[in-house]
Amino acid sequence: MSGIRFSNAPLGRRGAFLLASAALAMLIAGMSAAGILGAREGGGQDSGVVAARTPPANPAALTLREAWDATAEHIRGWGPTWKIAALASSDVYDRPDSTSGSDGRRVTWQAEVVDTPSGAVRWVRLTGGELVDAVAPGLTTLAGSAAGLERPAVDSPELLARALAARPSLGPGTDKAIGFHFSYGADPVAGRPAIAVLGATRGTPARVVLDPERGEVLRAEALQASGGPLLVSADRGRTWTAAGLEGLVRAVTADRAGGSEAPLYAAAWSGDALGLWRSADGGRSWARVAVLPASAGPAAHAAAAGVLDGQESVVVATNGGLWAYRVGSRRLEQIPAPGLVLDLAVDGDGRWHAAAMQPGDPASARAYTRDPDPGKGWVRAGDAPASALTSGPEVLPYDRATVRMAVASDGALVRTAAGGIEVSTTGGASWDGVAAGAFDLIVASPDGATLYAVRYPAVVMRSLDGGRSWEEVATVPGTRDAGLFAPTATVVLAARGGSFGWQPF
């Protein structure tokens, strides 16, 4: 369980993974506790697990005020100085669907509570009104900020009705925070406590912020993504020019069967829609060939190109499912997916690979494969955790929780690790360090002859010898977080890291 925060600061690309699937999770990270938590330790006397209990079998859903009263009752045993500083609903210990929260009630609520004299913080979770988790993280609030909230005068059913009346386009969330959610805490914009009704609009996370005493709408905001121009090199990173595509570019692909002359496809958010773009000149100019529906969301996790269902296809993985652009008919359609697809690739034999998790359960991420013939389905490929796929001549699943990995032309595995880049010629049994530094991304060209990596801050590095030695070839301007794509043997693209911020809707 984490602290509950209501932040208006933009998120970088890394922080938005599982925009990887976590855009709506940010919403539930809703409202900060009467200020911002300090980074200093609060002392060992209040650190650790305070309570851990089995959730009730058939929990009842509560309104915001009912959850407030239940939380207040549970913390009363800790003494009269403990106050609620933030309160938000959560999907944890729930089985939500699109109707969850539509009556203003949720099964699970989590709170940040503070001891007002000392500033000590505890995180509390209630399911069905029962205390199931309480953690003392060992943090204190900043000096002077340890003040509790007042019980809200307006309850969540009425707040939801007012939010929908003000913004009829607000609908239930569909990803990490399913249905409608509610969050109560200090609002840095208004400078006073506020309540957010959380959901989505046009497939994008959104919130309507209201006054907790009068129920008046203060503002309505959607989480918008922004990016910058692409840099492209057609000679394996020796020279670079600006590509004719702007926006938040999260995936670039080409059909490896087409070789170096294959057209490129990019999934990019342009501010109002997620589009699929095509380049026939190695990335120098682009034309939009399809616009994904709002339900796809603002970002693509991955894209891959090849023959699927007997048709040349470009498939884009989004929070709203898998979308196939059929090149011959220029038609876009949603296709079955093995879950929330995090990564996607086509191997040299034309077989499709995916790393996918079940919605709301990152630990369930596994590898799947699919034959390209019509009527075939996705088949799970083993029980090992797999949240990513290697680039290069061989597609291998792996867990990218701590590393990124690619395959070189000679079959060597090359990965980014805590201290730099490492190479294995033993199939991962042993690793040799080859470059020190803070690297957070590595990709290989389809033939594995060229490898590229990003060294902090946004420095593009290249290796022509299977990852054994590296040279600096470019710096992506205006960012500290760059994306890299190597869709063909000669073309490599570098994208400025995108950000996410709240914009009125």
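In this predicted model, strands 28, 29, 30 and 31 form an open sheet, in the order 28-29-30-31. The pairing is antiparallel. Strand 28 (404-407) and strand 31 (432-436) stand at the edges. Each has a single partner strand, so one side of each is left without a neighbour in the sheet. From one strand to the next, the twist averages 25 degrees.

Take the pairing of strand 30 (residues 420-424) with strand 31. The two run antiparallel and are joined by 4 bridges. One residue pair can be picked out here: V423 has D432 in strand 31 as its bridge partner.

**A second open sheet**

Another open sheet has 4 strands, in the order 32-33-34-35. Its pairing is antiparallel. Which strands stand at the edges? They are strand 32 and strand 35 (471-475). Each has a single partner strand, so one side of each lacks a neighbour in the sheet. Here the twist averages 25 degrees from one strand to the next.

Strand 32 covers residues 439-444. Of its 6 residues, 5 are buried, so the strand is mostly covered. Strand 33 (residues 451-455) runs antiparallel to strand 32, and 5 bridges join the two. A444 has L451 in strand 33 as its bridge partner. Strands 32 and 33 form a hairpin, with 6 residues between them. In the turn, G448 has a positive phi of about 75 degrees.

Further along the sheet order comes strand 34 (residues 459-463), which is joined to strand 35 by 4 bridges. These two strands also run antiparallel. M461 stands opposite E472 in strand 35.

The table gathers the strand pairs whose bridges are described here.

| Strand pair | Bridges | Direction |
|---|---|---|
| Strand 30 and strand 31 | 4 bridges | antiparallel |
| Strand 32 and strand 33 | 5 bridges | antiparallel |
| Strand 34 and strand 35 | 4 bridges | antiparallel |

A general point helps when reading such sheets. In a regular strand, side chains alternate between the two faces of the sheet.

**The largest nonpolar core**

In soluble globular proteins, nonpolar side chains tend to be buried together. The largest nonpolar core in this model has 34 residues. Which of them touch the most other members? They are L64, L87, W109, V113, L159, L170 and V197. Helix 2 (residues 64-75) gives the largest share of this core, 5 residues.

L64 shows how the contacts spread. Leaving aside neighbours within four places in sequence, L64 is in contact with L87, G104, W109, P152, D155, S156, L159, Y184 and I195.

**Aromatic pairs**

A pair of aromatic rings is described by the distance of the centres and the angle of the planes. The structure holds 3 aromatic pairs. One of them joins W68 and Y184. The ring centres of W68 and Y184 are 5.9 Å apart and the planes stand at 45 degrees, so this pair is tilted. W68 is in helix 2, while Y184 is in strand 8 (residues 181-187). The two residues are 116 residues apart, so the pair links distant parts of the chain. Both W68 and Y184 are buried.

W78 and W82 form an edge-to-face pair. Their centres are 5.5 Å apart, with 70 degrees between the planes. Are these two residues buried or exposed? W78 has 24% relative accessibility, so W78 counts as partly exposed. W82 has a relative accessible area of 10% and is therefore buried. The cut-off for buried is under 20%.

**Two charged contacts in strands**R331 lies in strand 21 (residues 331-335). At 39% relative accessibility, R331 counts as partly exposed. The side chain of R331 makes a polar contact of 2.6 Å with the side chain of E333. Not counting residues up to four places away in sequence, R331 touches Q311, A324, Y325 and R326. V289 is 42 residues from R331 along the chain, and their C-alpha atoms are separated by 9.4 Å.

E221 is found in strand 11 (residues 217-226). Is E221 buried or exposed? At 9% relative accessibility, E221 counts as buried. A polar contact of 2.8 Å joins the side chain of E221 to the side chain of R219.

Key: Residues numbered from 1 in each chain as written. Predicted model: local features only at pLDDT ≥ 70, side-chain atom pairs only at ≥ 80, totals over all residues. Heavy atoms only, no water. Buried < 20%, exposed > 50% of the residue type's maximum accessible area, 1.4 Å probe, protein only. Pairing = 2+ DSSP bridges. Axes fitted to C-alpha atoms, helices over the stretch in contact; angles between N-to-C directions. Contact = heavy atoms within 4.5 Å. Polar contact = N/O pair within 3.5 Å; in protein donor to acceptor, adjacent residues only side chain to side chain. Core = buried A, V, L, I, M, F, W, Y, C linked by side-chain atoms within 4.5 Å. Phe/Tyr/Trp six-rings, centres within 6.5 Å; stacked < 30°, edge-to-face > 60°.
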